[in-house]
Amino acid sequence: MVEDFLNQGELSFWRQAVTEAIAQRGGKKMPCSEAKIGEDDGINNDNDHYVKVFD
């Protein structure tokens, strides 16, 4: 962990940018994919694990 890596203004901007980006994805796992968060993407053998860890 790096103490004071971002000041309060930078951290606020980062949070807002990430929140907006997530909202724009509309639940899609990746921008160029139709797979939705929590759905089987057909790639991972153990989808339940990946959904809990990465989605």
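Reader: What should the 18 residues of α1 span, and how far apart are its end C-alpha atoms?

Author: Happy to start there, with the reminder that this is a predicted model. At 1.5 Å a residue, α1 should span 26 Å, and its end C-alpha atoms are 26 Å apart, which agrees. As for the general idea behind helix geometry, an α-helix has 3.6 residues a turn, so residues three or four places apart point the same way.

Reader: Which residue caps the N-terminal end of α1?

Author: For a cap of this kind, look for a side-chain oxygen and a backbone nitrogen. Here the capping residue is Asn7, with a side-chain oxygen 3.0 Å from the backbone nitrogen of Gly9.

Reader: And what follows α1?

Author: Gly26 comes after the helix, and its phi is positive, near 60°. Gly26 sits in the loop between α1 and α2, the latter covering 47-54. With a relative accessibility of 45%, Gly26 is classed as partly exposed, because that class lies between the 20% and 50% cut-offs. In space, Gly26 is 8.4 Å from Lys36, C-alpha to C-alpha, with the two 10 residues apart in sequence.

Reader: Which residue has a positive phi although it is not a glycine?

Author: That is Asp4, whose phi is about 55°. Asp4 belongs to the segment before α1.

Reader: Is Asp4 buried or exposed?

Author: Asp4 is exposed, because its relative accessible area is 72% and the cut-off for exposed is over 50%.

Reader: Let's turn to the surface. Which residues form a nonpolar patch there?

Author: To read a patch, take its members together and then check where each one lies. In this model, the patch consists of Val2, Phe5, Leu6, Trp14, Val18 and Ile22, which together have about 620 Å² of accessible area. One of them, Val2, lies in the segment before α1, a helix that covers 8-25. Val2 is exposed, with a relative accessible area of 57%.

Reader: How many helices and strands does the whole protein chain have?

Author: The count is 2 helices and 0 strands.

Reader: What share of its residues is buried, and what does the chain expose?

Author: Of the 55 residues in the protein chain, 5% are buried. The chain exposes about 5000 Å², with 55% of that area supplied by carbon and sulfur atoms.

Methods:
Residues numbered from 1 in each chain as written. Predicted model: local features only at pLDDT ≥ 70, side-chain atom pairs only at ≥ 80, totals over all residues. Heavy atoms only, no water. Helix = DSSP H or I, 4+ residues; strand = E, 2+ residues; numbered from the N terminus. Buried < 20%, exposed > 50% of the residue type's maximum accessible area, 1.4 Å probe, protein only. Areas by Shrake-Rupley, 256 points an atom, 1.4 Å probe, with all protein chains shown as cover. Patch = residues over 30% accessible without salt bridge, like charges linked within 9 Å, V, L, I, M, F, W, Y side chains within 5 Å. Salt bridge = Lys/Arg side-chain N within 4 Å of Asp/Glu carboxyl O. Expected span 1.5 Å × (residues − 1). Polar contact = N/O pair within 3.5 Å; in protein donor to acceptor, adjacent residues only side chain to side chain.
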